[in-house]
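User: I have a model open and want to go through it step by step. Can you take my questions one at a time?

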Amino acid sequence: MTNKPGADPADSRTAFRRLMVWTGVAALVSIAAALGYLALAGVEMAWHMIIATTLGVGFTVLLGGGLMALVFLSANSGRDDQVR
């Protein structure tokens, strides 16, 4: 199981952390945008709706971003080349 040249496992962990930080920022921006949209649309927002929107949007963005980060790191590790 060889990595591509320059693909140190420590570098992969650092890249994954960096991608997850950006995903977290994207989740926070998405949550703010969703809550802002609902407020501007005139929707009455009870506390349970705010919690549900925050958890739903935040979890969805974090899950999607985390899975995308794993795909990118897997593709760059060189381990997929051994299958061929």
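User: Does Ser 30 count as buried, partly exposed or exposed, and why?
Analyst: This is a predicted model. Ser 30 lies in helix H1, residues 9–40. Buried means under 20% relative accessible area and exposed means over 50%. Ser 30 has 27% relative accessibility, so the class is partly exposed.

User: Which backbone oxygen does the side chain of Ser 30 reach?
Analyst: Ser 30 sits in H1. Its side chain reaches a backbone oxygen at 2.8 Å. That oxygen belongs to Ala 26.

User: Leaving aside neighbours within four places in sequence, which residues is Ser 30 in contact with?
Analyst: Start with the spacing: Ser 30 and Val 57 are 27 residues apart in sequence, yet their C-alpha atoms are 6.9 Å apart. Contact needs heavy atoms within 4.5 Å. Beyond the neighbours within four places, the contacts of Ser 30 are Val 57 and Val 61.

User: What share of the contacts with a separation of 6 or more comes from residues 24 or more positions apart?
Analyst: The protein has two helices and zero strands. Ser 30 and Val 57, 27 residues apart, are in contact. Across the protein, pairs 24 or more positions apart make up 72% of the contacts with a separation of 6 or more.

User: How far apart are the end C-alpha atoms of helix H2, and why does that agree with its length?
Analyst: H2 covers residues 47–77, which is 31 residues. At 1.5 Å a residue, the helix should span 45 Å. The model agrees, because the end C-alpha atoms are apart by 44 Å.

User: Is Thr 53 buried or exposed, and why?
Analyst: Thr 53 is found in H2. Leaving aside neighbours within four places, Thr 53 is in contact with Ala 34, Leu 35, Leu 38 and Gly 58. The cut-off for buried is under 20% relative accessible area. Thr 53 has 15%, so the answer is buried.

User: Which residue follows H2, and what is its phi?
Analyst: Among the buried residues of H2 is Ser 77. H2 runs over residues 47–77. The residue that follows H2 has a positive phi, near 90°, and is Gly 78.

User: Which residues form the nonpolar patch on the surface?
Analyst: The patch has about 360 Å² of accessible area together. H2 gives the largest share, three residues. Val 71, for one, is in H2. The members are Leu 19, Met 68, Val 71 and Phe 72.

User: How much of the exposed area of the protein do carbon and sulfur atoms supply?
Analyst: Of the 84 residues, 19% count as buried. The protein exposes about 6,200 Å². The part supplied by carbon and sulfur atoms is 70%.

Technical notes:
Residues numbered from 1 in each chain as written. Predicted model: local features only at pLDDT ≥ 70, side-chain atom pairs only at ≥ 80, totals over all residues. Heavy atoms only, no water. Helix = DSSP H or I, 4+ residues; strand = E, 2+ residues; numbered from the N terminus. Expected span 1.5 Å × (residues − 1). Buried < 20%, exposed > 50% of the residue type's maximum accessible area, 1.4 Å probe, protein only. Areas by Shrake-Rupley, 256 points an atom, 1.4 Å probe, with all protein chains shown as cover. Polar contact = N/O pair within 3.5 Å; in protein donor to acceptor, adjacent residues only side chain to side chain. Patch = residues over 30% accessible without salt bridge, like charges linked within 9 Å, V, L, I, M, F, W, Y side chains within 5 Å. Salt bridge = Lys/Arg side-chain N within 4 Å of Asp/Glu carboxyl O.
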